[in-house]
Amino acid sequence: FISSVNKVKGLRFGSINIEIGKPFSMKQKILHRLQLSDAYQVRRKLSSSAEIKSVCLKMAHEALYEMNLLTAVTATSCIATVLLTQEKRGISVKTLGEKITHFIELVQRRKGKIASILVNSPNADIVVDNALKVMTKLVTNRDGIVSICDDNACIELSMYRNHILHHFIHESLVSIAIISLFKVKGNIRTEECYHETVKKTEVMQCTQFLSKLLKHEFMYKPATAFMVNFDETLDFMVSDQTILCEEYINDVNCLRIHDGMQNAQLMFFLAMLIWPFIDIYYIIALSLHSLLPHKILSQQEFVEICSRNAEIKYFEGDIDFFECVGIHSINNALNWFKSQRIIGTQGVVVGKSNFLTQSRGTTLAVVQLSENYRNKTALNELANIIDLYRKPTKSGQPRNNGNQRRHMTHINGLSDKRAKL
């Protein structure tokens, strides 16, 4: 392992932070999860292989979540996050340093780990300057103005940004849910939205939909139920950070952004971390029309169609995040469409098997629309629902004039059917 680390360090990608987590007993974890006191009772409790697999997956989920918490926030991930979450094309080095300092404070409030070089350095600006030198292929520094080199660099920068998302994911989902409800009322500009209130129940329903939509993207905090994480996140945003405040209007529990432009801007920052992922699902939903009515395509071919559509939509100005064209991101997002049985997949063997050469041919994954989605109406409705949670336009106007009616129908559907999608 040490030998491999030395080889990687020789490539000069930057510093390497290694953190060893607290060990735990798998036996005790299993007994605690199954609420048993004796290991001999486990086999009786887990009577099938499916039950054993379920327990193992839950333990793996918990272990991965703990591993994420040990991941240190580096200067490069800070730079990438600041650049990808601002709407301006460039930012001065001084402002970049100030935003990174503020960002580090946000992570520390959430008990996240910061790379030792950032914590121990007497001058954070020097660390930022050194990080910028490492990232010369991705960002440029011209006369003190830092900007992203080109659109393709956004894809690689998003990988740096993804290292820190686990610190904010639950707050980001709540923020997008609230902003989507503001968007319906037309008050989606930062300076206006903190005067508006939304019902807590509607925020909960929208957040639950988003958590299900993006369940293949993030490692949520292990909990017995969605409401446990939701209530914990709201308590943190209301009591600990005073980002939101609760109030009762006509005996209805409502939420609003706490007074002050700074909290509204923080809400938009939290949402900007997740909006690129939602755009990927939106692009896939639009691209499903290429499978109408009974067309069968290889998954690779369909993913390439999605990528091309994302690039077209980006240059047309309909989406704001170039990282949506990434093949790996699209492939990962397809898992949700498969799990919801919107599309079906199967393996097809291409080429004949040969007994003499022991060649088995190549298995090709193909996709096809499920029966309930082989019409434009169903696909448009799916795209419109995802569109409700996308980033608002810079002008402050809804992207679709029918969004208000669709959002209220969507909320009612979530209340009646508990997030059908």
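**Exercise 1.** Determine which residues lie nearest the centre of the largest pocket, and which helix gives the most to its lining.

*Solution.* The lining of the largest pocket comprises 37 residues, and His61, Tyr220, Lys221, Pro222 and Ala223 lie nearest its centre. A pocket is an open set of points on a 1 Å grid over the protein atoms alone, where a 1.4 Å probe fits, with protein on both sides within 12 Å along at least five of seven lines; lining residues have an atom within 4 Å of a point. This is a predicted model, in which local features need pLDDT of at least 70 and side-chain atom pairs pLDDT 80 or more, whereas totals for chains, interfaces and linings use all residues. Residues are numbered from 1 along each chain, and side-chain values use heavy atoms, without hydrogens and water. Next, consider the helices, which are DSSP runs of H or I with at least four residues (strands: E, at least two). Helix α4 (49-70) is among those supplying at least two lining residues; α4 gives the most, with 5 residues.

**Exercise 2.** Establish how many residues of helix α14 are buried, and compare its span with expectation.

*Solution.* Of the 12 residues of α14, 9 are buried, that is, under 20% relative accessible area with a 1.4 Å probe, protein chains only. Among them are Asn263, Leu266 and Phe268. At 1.5 Å a residue, times one less than the number of residues, α14 (261-272) should span 16 Å; its end C-alpha atoms are 16 Å apart, which agrees.

**Exercise 3.** Give the strand order of the open sheet.

*Solution.* The order is β1-β3-β2, with antiparallel pairing; strands pair if DSSP finds at least two bridges between them. Strands β1 (90-92) and β2 (139-142) each have a single partner strand, so one side of each lacks a neighbour in the sheet. Between β2 and β3 (145-148) there are 4 bridges.

Technical notes. Buried means under 20% relative accessible area, exposed over 50%, partly exposed in between (1.4 Å probe, protein chains only).
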